Amino acid sequence: MSGPTLTHIDRTGAANMVDVSDKAATSRTAVAEGAVVMRPETLALIREGDAKKGDVIGTARLAGIMAAKRTHELIPLCHPLLLTKVRLTCEPDDALPGLRLTAEVKVQGQTGVEMEALTAVSVACLTVYDMVKAADRGMRIDGIRLLSKDGGKSGQWRAEDGA
């Protein structure tokens with residue numbers, strides 16, 4: 001039976017870092033999303049800038065950017081990458097209620113940036129939680145997932161396609 005193979009597992013089943021030295025450097029992009037669901041009163045605190053720890057959205061944005069740049073230090077088999085762009089957006093959404101976060105990461109390199117985008121959005125969500133947990137310990141971090149990736153041998157992938 002043939003199908004997808006696990007690239008971080010060698011023939012003996014041991015974990016290993018993938019050798020990308022023979023791959024061409026290409027433009028690669030990944031986008032990930034997540035959300036922090038909270039009480040409407042907590043979202044109002046964030047919007048009004050009344051959180052005790054300060055600017056929640058600005059701090060979450062910076063935390064996500066910093067996390068993307070340090071992904072290789074957090075995820076054991078990730079390559080250190082010279083990222084060319086990290087953009088993190090954090091938008092209030094009354095329908096949740098809460099914040100929707102999106103990370104876009106780019107690199108000109110030999111391996112993709114999916115883990116960097118997922119790490120950025122994860123840490124940004126955790127930062128939101130940390131900054132307003134005194135007001136709402138019942139917040140929930142939801143829906144962290146990859147939305148898209150472009151570049152490399154496998155080309156494009158979109159969550160809505162599943163392909």
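**Exercise 1. Describe the lining of the largest pocket by residue class, and say where its residues come from.**

Solution. In this predicted model, the lining of the largest pocket divides by class into 10 nonpolar, nine polar and seven charged residues. The pocket itself holds about 760 Å³ of space. The next step is to find its centre: among the 26 lining residues, those closest to the centre are Thr-7, Lys-23, Thr-111, Gly-112 and Glu-114. Finally, the elements that contribute two or more residues to this lining are β1, α4 and β4.

**Exercise 2. Work out what lines the largest cavity, and how much space lies in it.**

Solution. Begin with the count, which comes to one cavity of 30 Å³ or more, and about 30 Å³ of space lies in the largest cavity. Its lining is made by Ala-68, Lys-69, Arg-70, Thr-71, His-72, His-79, Leu-81, Leu-83 and Glu-116. Sorting these residues by class gives three nonpolar, three polar and three charged. As for the elements, α2 and α3 (71-74) each supply at least two residues of the lining.

**Exercise 3. Set out the order of secondary structure along the chain, and then the order of the strands in the sheet.**

Solution. The protein chain has four helices and five strands, and reading along the sequence gives the pattern β-α-α-α-β-β-α-β-β. In space, the five strands form an open sheet in the order β2-β3-β1-β4-β5, with antiparallel pairing. Because β2 (83-93) and β5 (157-158) stand at the edges with a single partner strand each, one side of each has no neighbour in the sheet.

Now follow one pair in detail. Strand β2 is joined to β3 (residues 98-109) in the antiparallel sense over 10 bridges, and Arg-87 has Glu-104 of β3 as its bridge partner. The loop between β2 and β3 contains Pro-97, and the peptide bond that joins Leu-96 and Pro-97 is cis, with omega at about -15°. As background to this last step, most peptide bonds are trans.

**Exercise 4. Which strands do helices α2 and α4 lie against, and at what angles do they run?**

Solution. Take α2 first: this helix packs on the sheet, where it touches β2 and β3, and its direction makes about 150° with that of β2. Helix α4 lies across β1 (26-37), β2, β3 and β4 (140-150), and runs at about 25° to β1.

**Exercise 5. Describe how α2 and α4 pack against one another, and identify the residues that make the contact.**

Solution. It helps to recall that two packed helices are described by the angle between their axes and the distance between the axes. For α2 (residues 56-69) and α4 (residues 114-132), the angle is about 145° and the axes are 7 Å apart. The handedness comes next, and the crossing of α2 and α4 is right-handed.

The contact can then be read from both sides. Helix α2 contributes Val-56, Thr-59, Ala-60, Ala-63, Gly-64, Ala-67 and Ala-68, while α4 contributes Glu-116, Thr-119, Ala-120, Val-123, Ala-124, Thr-127, Val-128, Met-131 and Val-132. By class, the residues of this contact are 11 nonpolar, four polar and one charged.

To finish, compare this contact with the lining in Exercise 2: Ala-68 and Glu-116 belong to the contact of α2 with α4, and both also appear among the residues that line the largest cavity.

Definitions and conventions:
Residues numbered from 1 in each chain as written. Predicted model: local features only at pLDDT ≥ 70, side-chain atom pairs only at ≥ 80, totals over all residues. Heavy atoms only, no water. Axes fitted to C-alpha atoms, helices over the stretch in contact; angles between N-to-C directions. Left-handed = near helix turned anticlockwise from the far one by under 90°. Contact = heavy atoms within 4.5 Å. Nonpolar A, V, L, I, M, F, W, Y, C, P; charged D, E, K, R; others polar. Pairing = 2+ DSSP bridges. 1 Å grid on protein atoms, 1.4 Å probe; cavity = no way out; pocket = protein on both sides within 12 Å on 5 of 7 lines; lining within 4 Å. Points joined across faces, edges and corners; volume = space filled by probe spheres on them.
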